[in-house]
Amino acid sequence: MTANTTTATQAPAPGGLTHRQIMTIVTALLLGTFLAALDQTVVTTAIRSIGDDLHGLSAQAWVTTAFLITSTVTTPLYGKLSDIYGRKPLFMIAISVFIVGSVLCGIASDMYMLAGFRAFQGLGAGGLFSLAMSIMADIVSPQQRPKYMAYFMGTFATSSVAGPLIGGFLSGRDSLLGLAGWRWIFWINVPIGVAALVAVNRVLRGGRSRGNSRIDWWGTVAIIAAVVPLLLVAEQGRDWGWGSPVSIACYVIGVLGLAWFIVAEQRMGDDALIPLRLFRTRAFSVGSALSVVLGIAMFGGLATIPLYLQIVKGASPTEAGLLMLPLMTGIMTASMISGRLIARTGHYRPYPIIGAAAMIAGFLLLSRIGADTPLWQTSLMMALYGLGLGQSMQTLVVALQNCVAPRDIGVATASATFFRQIGGTLGTAVFLSILFGAAPAQITDAYQDAQGSSAFAAAAAAHPDQLQQVTSSGSLDDSAFLQEIDKALAHPFMVGFSNSMDLVFLVAAAVIAVGLVLAVILPEVPLRTVSGLEAARAEAGRAAAATAATAVAEAGSASAAEATGDAAVRTAAPGAGPAPAPAPAEKILVGGTSLAGAAQPSREGGGTEEPVGVPEPAGSEGAEGAAGAAGVAPRGAQAGSAS
């Protein structure tokens with residue numbers, strides 16, 4: 001029994017690596033991904049404590065906005081540069097920048113300095129998730145990839161629960177080792193980041209770059225001009241006013257930047273930041289649109305549900321994180337099950353359809369929750385919503401990676417992340433605007449309906465000051481007083497707030513209905529059964545073989561012409577003998593194997609880089625050779641086996 005188990009563990013996976021070797025790499029990648037995932041949830045919980053300590057609570061939105069902008073606009077750049085220079089150096093740069101940014105955030109002395117350091121931190125965060133997914137595409141075939149990507153969904157779920165707990169614990173302490181507790185929220189990233197750097201350096205190898213490619217600087221500038229104003233207005237529009245001169249200026253600049261970006265990408269061709277030729281592939285164009293819709297549903301829902309738990313149900317940020325466990329469990333469960341089914345069947349198309357339908361049902365049910373709905377019912381609705389997300393997110397990334405050439409895997413992965421982030425920003429802005437726009441009227445109606453209640457009348461007579469406070473126009477800016485006033489006076493407020501969320505969830509269901517249509521028309525491209533690295537080598541081999549075959553054919557034609565000319569001369573000359581037969585042309589076996597002494601094609605002939613940035617191992621075709629080819633250092637694999 002032991003022997004059979006060992007054999008199964010060491011058997012090569014469909015990417016040429018054993019399961020243990022793949023898990024060694026996955027562990028290193030998860031450390032990097034955990035950095036970005038944890039940081040967002042930790043800061044969200046602690047931002048009020050940070051603002052109070054730095055005397056700049058009114059500027060707290062810029063701390064979030066700065067990080068969001070830089071992490072979003074750098075994502076496509078990381079994807080393109082990793083296709084040119086290899087994944088490892090870019091991934092290590094992203095982790096290093098994130099660590100330095102975390103240290104700087106921990107020493108900030110005011111909110112605007114913190115916002116600047118958060119922007120610097122976002123420069124690193126932009127590459128963490130997309131590069132991790134790109135490396136996975138290099139070492140694991142699309143058919144087997146979803147079952148490994150479920151670990152990344154689990155990482156996000158874990159960070160969503162652990163983040164509020166850690167943030168609440170640290171920000172709740174006035175001092176820790178002589179420093180304000182909230183500063184450790186950023187410094188906790190340092191040991192995790194160092195561990196990620198060591199692990200990545202151990203299990204991945206650097207390799208050659210595709211040096212003949214140009215860097216699309218004009219496209220980079222254009223995408224910044226297009227995205228930054230739109231992200232700014234999405235984050236600040238509620239405060240500025242959606243029709244204010246500042247907002248209109250952002251709209252105009254964003255549209256002009258988008259037009260500039262399209263022109264720049266057309267001129268750069270294959271070297272573009274996001275090559276426009278990719279959008280001629282139906283699977284890529286539909287998948288990109290679906291990424292935007294999923295981003296709206298994912299981030300919009302994740303921003304709205306915690307408000308219900310905190311304001312209506314009275315949960316603290318830490319408790320709200322724990323109450324989100326059913327949603328996170330749904331994501332993890334659906335990711336694991338769908339991943340294994342895709343690996344077994346080779347078909348991915350049904351899962352975004354089922355996932356979109358599950359999210360629609362979840363949002364429709366959530367639109368019926370009220371102030372008095374039991375938490376167990378809300379938990380079931382959140383779980384259904386999570387099951388839909390879990391079937392859609394990772395499947396869509398695999399679909400986009402699978403429909404492009406191996407040399408574009410980094411671009412495709414970064415594009416999926418980029419479009420999802422754009423959708424998430426849009427969804428959060430729109431949903432919260434709908435919520436806080438409808439809340440005052442709904443709360444007013446709820447208090448009018450409560451006038452006939454004897455309990456409410458008695459509480460209003462006993463606490464007129466509390467009634468004035470709860471019905472004031474500024475009550476939405478700080479809802480902490482709801483836990484301190486009479487419950488009979490607070491209840492109508494909670495009823496009105498929960499009623500205002502009904503419209504939010506109905507709009508979310510309508511958006512996902514569009515996503516369902518996109519999921520239905522998303523074509524299924526047969527999943528490759530080889531990893532991105534192996535596909536790149538095969539593509540390079542075919543290109544080199546075709547080049548060699550063309551050269552041999554041209555050489556054979558030249559030899560035949562020369563022989564014919566010599567024969568004619570000998571025939572015309574007195575005493576000339578018969579012309580010799582032309583020498584047979586060399587035979588080339590397409591795929592990189594040459595016969596009859598033809599030269600072996602090199603990898604450079606196809607212009608394809610090593611996707612993980614690893615030089616091809618010489619000699620061995622066994623497990624060690626495959627490990628080295630896929631970016632796993634043999635010592636890393638051995639370390640994983642020993643453990």
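User: In this predicted model, is S82 buried or exposed?
Analyst: Buried means under 20% relative accessible area, and exposed means over 50%. S82 is found in helix α3, which covers residues 60–85. Its relative accessibility is 0%, so S82 counts as buried.

User: Which residue, 328 residues apart from S82 along the chain, has its C-alpha atom 6.2 Å from that of S82?
Analyst: S82 belongs to helix α3. Despite the 328 residues along the chain, a C-alpha separation of 6.2 Å is found between S82 and G410. The residue is G410.

User: How far apart are the closest N and O atoms of D83 and R87?
Analyst: D83 and R87 are both buried. A salt bridge needs a side-chain nitrogen of Lys or Arg within 4 Å of a carboxyl oxygen of Asp or Glu. D83 and R87 form such a bridge, with a closest N to O distance of 2.8 Å.

User: Which parts of the chain does the salt bridge between R407 and D270 tie together?
Analyst: In this pair the closest N and O atoms are 3.9 Å apart. R407 lies in the loop between α15 and α16 and D270 in the loop between α10 and α11, so the bridge ties together parts 137 residues apart in sequence: the α15–α16 loop and the α10–α11 loop.

User: Which residues are joined into one network by salt bridges that share partners?
Analyst: R277 and D408 meet in a salt bridge at 2.9 Å, N to O. This pair links the loop between α10 and α11 with the loop between α15 and α16, 131 residues apart. Through shared partners, the network joins D270, R277, R407 and D408.

Conventions:
Residues are numbered from 1 along each chain as its sequence is written. This is a predicted model: local features need pLDDT of at least 70, side-chain atom pairs count only at pLDDT 80 or more; totals for chains, interfaces and linings use all residues. Side-chain values use heavy atoms; hydrogens and water are left out. Helices (H or I, at least four residues) and strands (E, at least two) are DSSP runs, numbered from the N terminus. Buried means under 20% relative accessible area, exposed over 50%, partly exposed in between (1.4 Å probe, protein chains only).
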